[in-house]
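Student: I am new to this structure and would like a close look at a single part, the place where the two chains meet. Could you walk me through it slowly?

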2 protein chains.
Amino acid sequence: MVTIGDVAKAAGVSRSTASYALSGKRSISPEVTQRVLDAVAELGYTPNAGARALRTSQTRVLALFAQFVEDEFAPAMLEYIKGVTDTARELGYDTLLVSDDDGVGAVQRLARSRMVDGFVLLNVAEDDDRLEPLRQVPQPGALVGLPGDPSGLDVFDLDFEASGRMMVDEMHALGHREMILVSQPEDVVERGGAYVWRLADAAKDRAASLGIELHHYFAASSQPQIGEDLHRFLDAHPGATALLLNNEGAAAALPAVLHARGLSAPEDLSVVGRYSDVFARTFSLPFSAIDSAADRLGRHAVHQLVGRIEGSLDKASPHTVELIAPEVHDRGSMAAPPAA
Amino acid sequence: MVTIGDVAKAAGVSRSTASYALSGKRSISPEVTQRVLDAVAELGYTPNAGARALRTSQTRVLALFAQFVEDEFAPAMLEYIKGVTDTARELGYDTLLVSDDDGVGAVQRLARSRMVDGFVLLNVAEDDDRLEPLRQVPQPGALVGLPGDPSGLDVFDLDFEASGRMMVDEMHALGHREMILVSQPEDVVERGGAYVWRLADAAKDRAASLGIELHHYFAASSQPQIGEDLHRFLDAHPGATALLLNNEGAAAALPAVLHARGLSAPEDLSVVGRYSDVFARTFSLPFSAIDSAADRLGRHAVHQLVGRIEGSLDKASPHTVELIAPEVHDRGSMAAPPAA
DNA sequence: CCGTTCAGTCGAATCCATTCGACAGTGTTC
DNA sequence: GAACACTGTCGAATGGATTCGACTGAACGG
């Protein structure tokens, strides 16, 4: 492989001069600089990452922790990943994708070996055991997902409480007075998906203060169970005219369920979901939904992280908790309830 | 950070002795070895990756190239990624996820900077311009997807020709004599998705030799266009009793289309697809399908790649082209045609 | 009892890029 | 014309792990 020594030799200068010509950290005459640049182009020189990391203790690599959990809906994950890798690349960083079962060990391994300059964690749980090691490590960390204790870390998430209220408000404004909220399976919640609770609790509070009946259920996240669940909920509440979905699998299954019951949205039932736009577009019935803004969250997380790395902000300096405001994207599945 | 010097000092030995105690490359007395191990555990020593890479010219990192193309179906991608990262980790490697627009540049950058020991390329096109630089680089490469010229690289892919024949054969065996094959959009093919042609051509050949009518169409890959496309195809061929889908979007849209036409599978129309099992499970009607075996392909690619890295097989030594045999997973959407 | 062998250990060199201190040469200023 | 300030370069040190060659001391054979 070609080293800076080869470049220096080809340009007829010392290694240090070649280095300064490339970094611009000391003034080098235009002619010499040009000769160095020519040599670089001709020989195809790219600095050895290991040597540079060793010397500068910066790798220009970010660790991206993504846990691929069986029953959470996968397509959403890819959007987060894409948001992170693209943004990182724009800022001159590569991304190490970590799907280790042992998240705690992986944090320590990568931090101690100085393989990465910082950490992005997706899918952060309420009581995530990766956070403690992350706080003790010199590299900064950014989270997508709000944990119980966000101290010492930058956090980015959708505002799930506002989302819950917004769903109820939208339906209320259209005239609905009895609704069903379908959440993700309880084991998702147990694994730390507190956002499910945050949305549901906020929705219930709002419903109560508006004098609305809101029936809350957990449901499976995949076929065929989820279809049966939906039938059960609809059977149990014949007076409900609106369906709020915080469960991708339910959105996927709903078209078949509506078909089987001879119902249409929004004529017979108004529907609003909470999941990503890309997800919404691929389904056979495009339901209105609050976008989970996956790529935006990934973007923000990386920007903040890189800011901390390069600004070398003290790890102790004040941290962000940014909850982005929900927006309902109307795809025509919400309307006034049928005249009773 | 703690270095091997710290470990050596704590154990009361020289740096080289500590290194040999850990690597086992020279015999070291049991007592000394134990002291070194204790010091490592106590201090939490992990070798500095940059220093090790510099010295050994091995990084234990693989580059994974995944292009997130708008109209290819994303969920499938995640399965490939998972297969690769998990397998890499099992073998002691980390994975650098590259979604660079400039694939050629990224190959050269990562190879020259010695950031990675090898390359895995997903979504390889018929005439993929990343292959040429990849061949010229010292690190080995493994492809998922069969290009026109696979020389110098290890290739893993589903056997799409066998898949095309199998779809036709299955339907033929059930008694179907007129079928519609729906492929991915033509621009996917143009971008190099030759697998679309390989499947379609093989299916057409087989149909011809069995004396079956097979209508072949390209269709859009997302809503709402794909729904209209399907209606058009079914309108054009009222006698067709079987639908072969090599297009995930079509599978996603089909339930609504069937509903609209008052049809059911398999009573009125038999359906078989070609996509991943995970994908199939999330859709509102579970159609029978040939699994794309994403995780298996990723696994094989990584095993082969690591074998080449560690066995330091000559880059010129014989390369593999492994096409894995298709299997139809029956989910009940195929049956004999309705009695005419 | 001397010479040989070998297990066990250490010192020093190496991988490559970066950067500090030093220095030669030119130009500036009183 | 002497003192000073830059500019542009270079040499050498640095970062941390690995590994080759060399050395020590104990065991063993004759």
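Tutor: Let's start with a pairing across the chains: strand 2 of chain A and strand 2 (residues 94-98) of chain B run antiparallel and are joined over three bridges. In that pairing, A:L97 stands opposite B:T95 of strand 2 of chain B. Two strands are said to pair if DSSP finds at least two bridges between them. Helices (H or I, at least four residues) and strands (E, at least two) are DSSP runs, numbered from the N terminus.

Some ground rules will help you here. This is a predicted model, in which local features need pLDDT of at least 70 and side-chain atom pairs count only at pLDDT 80 or more, while totals for chains, interfaces and linings use all residues. Residues are numbered from 1 along each chain as its sequence is written, chains are lettered from A and ligands numbered from 1 in the order in which they are written, and side-chain values use heavy atoms, with hydrogens and water left out.

Now step back to the whole contact, which takes 45 residues from chain A and 45 residues from chain B; contact here means heavy atoms within 4.5 Å. The two chains bury about 4400 Å² between them, with 65% of that coming from carbon and sulfur atoms. Buried area is the accessible area (1.4 Å probe) that two parts lose on being put together, summed over both. On the chain A side, A:M1, A:L78 and A:R112 lose the most area to chain B, together 14% of what that side buries.

Charged pairs are there too: four salt bridges are counted between chain A and chain B. A salt bridge is a side-chain nitrogen of Lys or Arg within 4 Å of a carboxyl oxygen of Asp or Glu. One of them links B:R89 to A:D100, whose closest N and O atoms are 3.0 Å apart. Across the interface of chain A and chain B there are also 14 residue pairs in polar contact, both residues at pLDDT 80 or more. A polar contact is a pair of N or O atoms within 3.5 Å; within protein, one must be able to donate a hydrogen and the other to accept it, and residues adjacent in sequence count only if both atoms are side-chain atoms.

Which elements of chain A touch chain B? Those that each supply at least two residues include helix 4 (49-56), strand 2 (94-98), helix 6 (103-112) and helix 12 (248-261). Helix 5 of chain A gives the most to this side, with nine residues. By type, the chain A residues touching chain B divide into 23 nonpolar, 12 polar and 10 charged. Here Ala, Val, Leu, Ile, Met, Phe, Trp, Tyr, Cys and Pro count as nonpolar, Asp, Glu, Lys and Arg as charged, and the others, Gly among them, as polar.

Helix 4 of chain A deserves one more look. At its N-terminal end, A:N48 acts as a cap, with a side-chain oxygen 2.8 Å from the backbone nitrogen of A:G50. Just after helix 4 of chain A comes A:S57, with a positive phi of about 45°. A:S57 sits in the loop between helix 4 and strand 1 (61-65) of chain A. Most residues other than glycine have a negative phi.
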